[in-house]
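Trainee: I'm new to this one and a bit lost. Please pick one part to start from, look at it closely with me, and then carry on from there.

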Amino acid sequence: MISFLRIEKFVNALAEKVNWVASAAVAFIMFLTVADVIGRLFGRPVPGTFELVGFVGAVIISFALPYTSVRNGHIAVDVLMMRMPWLVRVIVYAVNAFVSMVLFGIIAWQSVIYANSLMASGEVSPTLQMPVYPFIYGVAVGCGMLCVVLFIEFLRQFRGAEIE
Amino acid sequence: MSPTTIGVIGLLALVVLLFSRMPVGFLMALIGFIGFGSIVSYDSALSLVAKDVFAVFASYNLTVIPLFVLMGQIAFHAGISSRLFDTAYKFIGHLPGGLAIATIGACAAFSAICGSTNATAATMAAATLPEMKRYNYKPELATGVVAAGGGLGILIPPSVIFIVYGILTEQSIGKLFISGILPGILLTVFFIAAILIWVTLRPELGPKGPKSTWKERIASLPGTVEILVIFVFVMGGLFAGLFTPTEAGGMGAFATLVVAIVKRNIDWKGFVQALEETTRISAMIMVIVAGATIFGHFLAVSRIPYDIASWISSFNLPPWAIMSIIIGIYLVGGCFIDSLALIMLTIPIFYPVVLHYGFDPIWFGVIIVLVTQMGVITPPVGVNVYVVGGVARDVPLHVIFKGAMPLLIAMVILTFLLIPFPQLATYLPSLVK
């Protein structure tokens, strides 16, 4: 079981590192919009800001997803479960984590397919002529990482049951 | 099975499974995926989820959320929230219930740069509860005021709920923001009146504090005027059409950062923490938006929204009765579900009805924000009460719920005022082109 704890620690630390990318991306879009607005005052806006802010926004959210889950940061209704005996809770939480894992597995897998198809068709953004697919791979990476976090959460339920 | 039957099963499954504590956004995406798959085909459902998720995450309009969240986070880490309270307290702390009134005032001011009700409640709880305890305020008054005061965070712009509502209904976010100003100020006044009546009836709740001199009062002002300057700059630029909402968010966050750096109120560590909190809150919100988008596509192919709209019209009820039913549904729903999730879930269903009966979309936005803000302080799921309870660990939840009651009455009164006087919400936006 020590090995499980080590894996859990490793996954959490990795999720936190992935989250740093999201933090940096937030700062980036702030500075980018400011540069664009100020540049516009002098007749020199930053070209492609509109596209870039949206694409980087996708990186922010998908890279922040795993660590948000690690920190139990998603909105959920716990009025009923709080009042349930521990065995019911453990079973329900395990099912939840497993189902969510499958869901984000599907999203990650389909994002890869979506990105591949856009890469093949050579889809680029209108102003910067920048390929769109790398950002969709970014979403796939974030959702894939969330999948791993949810798998750990699933396993942890059994550990909790063992301790009780 | 007909699409409508599948739609009904999907809706029921959603309501029941919400109580399993699965994250609301995950659940909406899951049921939306299964439902869309069973009505159309699983091949299209598979490509739908990836496309919806990317479309939402990469939406330029939605990046306004992280930017306005960042603005509030920087203000919090720079200690602006506690300085707002200090100033308000120096002016009115000597009155009975004065600290509670100062808390409401600080909530109103802080919400001018913070777009989230929970964040406002959490921030102000941390800043004001210790002070109120020090002056022997009863926990009932102190915690109730902070929990309800968070509601101002979402009525006074910027407001995450208005952003999401605006995107869902294709209404101008700028107009929605400005529509919340007057009701927000009114609600502040009503909250203060509620506190005054309350402490008159039960003076032991909020004893008088020490009186500050005018010199001290004036000296406390420089810590707070920058809020006003930033607010006027951001909202002014938005209304004058100088920037888009996203740009307003970016400029506002940057201006707050510059002020904090110049006044040496924030260091590198504080800035990094603000960024990290921003990513967490944004991911939490956007997962719900993405889940609701997938669920919305499922509802659309199930034809449920149209069925409900024609079902409601078949009763031939007068518009006010329809509106009362809708408000009632939000009130009950708000007691159980987070306000953002509730709005995402119900707007596709109710919005066509609201338009059909000729209600003003902007006015309706203000109404549902008010009504869902009642939900965050009513049992059993009062998110703000939980948030405040998390800060004040020694106060039982039922005490906080009880403490928020007088302020809840103030919100009910404002809602009833808005029905005969929609101009309260629609007049200011009508001035903007």
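Mentor: Let's begin with a term we'll need right away: the bend at a residue is the angle between two axes, one fitted to the seven residues ending there and the other to the seven starting there. Keep in mind, too, that what you're looking at is a predicted model.

Now find helix H7 of chain B, which runs over residues 117–134. It has 18 residues, and from its first C-alpha to its last it reaches 25 Å. At 1.5 Å a residue you'd expect 26 Å, so the actual span comes close to that. Even so, H7(B) has a kink of about 40 degrees, centred on B:Ala125. What about its surroundings? Of the 18 residues of H7(B), 13 are buried, so this helix is largely enclosed by the rest of the structure. Just past the helix, look for B:Asn136, where phi turns positive, at about 60 degrees.

Keep going along chain B and you get to helix H8, residues 139–149, which holds B:Glu140. Is B:Glu140 buried or exposed? Its relative accessible area is 12%, and the cut-off for buried is under 20%, so B:Glu140 counts as buried. Setting aside neighbours within four places in sequence, its contacts include B:Trp198, B:Arg202 and B:Leu205. B:Val399, B:Lys402 and B:Gly403 touch B:Glu140 as well.

Next, see how the two chains meet. 56 residues of chain A are in contact with 52 residues of chain B. Together the chains bury about 4,900 Å², and 79% of that is on carbon and sulfur atoms. On the chain A side, A:Ile61, A:Ile75 and A:Val77 lose the most area to chain B, together 15% of what that side buries.

There are polar links across the boundary too: six residue pairs are in polar contact. Which elements of chain A give two or more residues to the side that touches chain B? They are the helices H1 (2–41), H2 (49–70), H3 (86–121) and H4 (133–163). H1(A) gives the most, with 14 residues.

For a single residue on that side, try A:Val139, which sits in helix H4 of chain A. Its relative accessibility is just 1%, so A:Val139 is buried. Within chain A it touches A:Ala58, A:Ser62 and A:Ser111, and from chain B it meets B:Val53 and B:Phe54, not counting residues up to four places away in sequence. There's also a nice case of distant parts of a chain coming together: A:Val139 and A:Val59 are 80 residues apart along the chain, yet their C-alpha atoms are separated by 6.6 Å.

Now for the charged pairs. Over all chains the structure has 11 salt bridges, and three of them cross the interface of chain A and chain B. Take B:Glu247 and A:Arg40, whose closest N and O atoms are 3.1 Å apart. That pair runs from helix H15 of chain B (residues 245–262) to helix H1 of chain A. The two partners differ in how covered they are: B:Glu247 is buried at 5% relative accessible area, whereas A:Arg40 is partly exposed at 34%.

Another crossing pair is B:Glu276 with A:Arg71, at 3.3 Å between the closest N and O atoms. Here the link goes from helix H16 of chain B (residues 268–302) to the loop between H2 and H3 of chain A. B:Glu276, at 17% relative accessibility, counts as buried, while A:Arg71 is partly exposed at 29%. These two aren't on their own, either: A:Arg71, B:Glu276, B:Glu277 and B:Arg280 are linked in a network of salt bridges.

Finally, come back inside chain B for one more pair: the side chains of B:Glu226 and B:Arg83 form a salt bridge, 3.4 Å from N to O. B:Glu226 lies in helix H14 (residues 222–239) and B:Arg83 in helix H5 (residues 80–92), so the pair ties together parts of chain B that are 143 residues apart in sequence. Both of these residues are buried.

Key:
Residues numbered from 1 in each chain as written. Chains lettered and ligands numbered in written order. Predicted model: local features only at pLDDT ≥ 70, side-chain atom pairs only at ≥ 80, totals over all residues. Heavy atoms only, no water. Helix = DSSP H or I, 4+ residues; strand = E, 2+ residues; numbered from the N terminus. Buried < 20%, exposed > 50% of the residue type's maximum accessible area, 1.4 Å probe, protein only. Contact = heavy atoms within 4.5 Å. Buried area = accessible area lost by both parts, 1.4 Å probe. Salt bridge = Lys/Arg side-chain N within 4 Å of Asp/Glu carboxyl O. Polar contact = N/O pair within 3.5 Å; in protein donor to acceptor, adjacent residues only side chain to side chain.
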